[in-house]
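Please walk me through the fold of this protein. I would like the sheet, the core, a helix pair and any unusual backbone angles.

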Amino acid sequence: MRQKTIMLSLLLFILMPLSAPAEKITLSYANFMPPDTFPTVQMEQWKKEVEKRTGGKIAVNTVPGGKLLGAKEMMDGVISGKADIGCLCMAYQPNRFVLTNATGLPLGIPSSRVGSMVLWNLYKKYNPDAFAGVKVLTMFTTSPANIMSKRPVKNIEDVKGMTLRASGGAGQIVKAWGANLVDLPMSETPGALKRGIAEGVFSSLDVMKGLNFAQYCPYVAMTETVIYPFAVVMNLARWNSLPGDVKKVLENMGAEHAEWTGNYMDDYVREAIRWSEENHQVEVMEFEKSYKAKFNFLLWPITSKWIKDADAKGLPAKPIVKDIRTFIRKYR
Ligand code: DTR
C-alpha cells in the first residue's frame, strides 16, 4: 500500500505543470487629485504602459481624488504600505525634499519637459536620502507658474497685498513680490477660490481648464517663474517582491515617463490658455523681457537663502544649483 502511495505521488508530481501560470500582481496607485488633472492623466498613462509592457503580469488599480492618501500624507502612506504607489508634489513638504525642491528655485526652467528632465537627472545624480524608504519610479514637474487672479496684475505693484494661493518654493516667490501667501495644496485650492479666501493662484496654467479656475480668475499674468516638482514612489517591500523582468520594465520607464509627462503638461497648458480665452474671455497679460526682470530681481535672495540652508543641512548646495543650471542648458 505504502509503495502505491509513493508511486502515485511521484506520478502526480511529474504530471503537475512545471510552472503554474504566474499570478497577476495588482498594485494600488494613490493620487491626491481628481481625474482629468495632469497628475492623474500621467498616472493613467503609466498604468496603460506598465500593463501593456508586462504583458498583463501587472494590474494597476488607480485611486484618484485623495480617496486612499491625501496630498501631504502620500510619502508616509506609501512607506507604511497603505498604498503600493503614490504621486506626490514635493513642494508641499519643502523641509522633507530639500534637494529635489531646488528645481523649484527661480533658475529659469522654461517648460515642464525641461523641468522634468532636469529633475530626473538631478535625482539620479544625487540619490537624495529623502527617498531611502521607497523606490522612485519617476519624477516630473509642472510648467512654469503664473498668476491667475480675480483682479488684473499689470505690474509688480499690483501683486502687493494680493492674497495668492501657492505652496513650497512658489510660496516664497509670491511673498518676495509682497503678496499675502495662502499656503495650500492644490486639492484645497478650488474651495479657497470659491470662498474668496484667495484672490488668485500662483501655479501652472493647466488648472485654468483642469480645475476650471478660468471661471473664477478672469486675469492671467505671465510671470513664467518657477515649476513645482513631483515624484511617483513605490513601497520598497512591494518593489523588492516584484519579479526581475517586471522591475526592468518599471526601471526603463523612469526617464521616458518623465519626458512624456513634461510634453503632455506643456501641450495641455497651451490648450488651457486657448480654452480660457475662448470660453471665459480670460485676459492674458504678457510682460516685456525687460519688465520681467523687475519680477525676477526680487527673487535672487530666495536662491541664496536656499544655498545657505541646504549647506547647513550638509548638502552640496552650490554644486546642486550649478548642476540644475547645466541640466537646463542641456535640455533646453
Ligand atoms: N503647481 C502646483 C502643482 C500643480 C499644478 N497643476 C496641478 C494640478 C493638480 C495638482 C497639482 C498641480 C500647485 O500649485 O500645487
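## Sheet, core and helix packing

Strand β5 (residues 146-149) and strand β9 (residues 219-221) run antiparallel and are joined by 3 bridges. Strands here are DSSP runs of E with at least two residues, helices are runs of H or I with at least four, and both are numbered from the N terminus. Two strands count as paired if DSSP finds at least two bridges between them. Serine 149 has tyrosine 219 of β9 as its bridge partner.

This is a predicted model: local features need pLDDT of at least 70, side-chain atom pairs count only at pLDDT 80 or more, and totals for chains, interfaces and linings use all residues. Residues are numbered from 1 along each chain as its sequence is written, and side-chain values use heavy atoms, without hydrogens and water.

The open sheet has 6 strands with mixed pairing, in the order β7-β6-β8-β5-β9-β11. β7 (180-183) and β11 (283-285) are the edges; each has a single partner strand, so one side of each lacks a neighbour in the sheet. From one strand to the next, the twist averages 25°. Helix α6 (residues 169-176) packs on the sheet and touches β6 (163-166), β7 and β8 (200-203). Contact means heavy atoms within 4.5 Å. The direction of α6 makes about 160° with that of β6. Axes are lines fitted to C-alpha atoms, for helices over the stretch in contact, and angles run from 0 to 180 degrees between N-to-C directions.

The largest nonpolar core holds 108 residues. Such a core is a set of buried Ala, Val, Leu, Ile, Met, Phe, Trp, Tyr and Cys residues joined through side-chain atoms within 4.5 Å. Phe131, Trp177, Phe202 and Trp306 have the most contacts inside it. Helix α10 (residues 244-280) gives the most to this core, with 9 residues.

Next, a helix pair. Helix α4 (residues 112-126) packs against helix α13 (residues 317-331) at about 135°, with axes 9 Å apart. The two are therefore oblique (not under 35 degrees, not over 145 and not 65 to 115). Among the contact residues are Met117 and Leu122 of α4, and Ile324 and Phe327 of α13.

Two loop residues have a positive phi without being glycine. Most residues other than glycine have a negative phi. Buried means under 20% relative accessible area, exposed over 50%, partly exposed in between (1.4 Å probe, protein chains only).

| Residue | Phi | Loop | Relative accessibility |
|---|---|---|---|
| Glutamate 224 | near 45° | between β9 and β10 (229-235) | 34%, partly exposed |
| Glutamine 281 | about 50° | between α10 and β11 | 56%, exposed |
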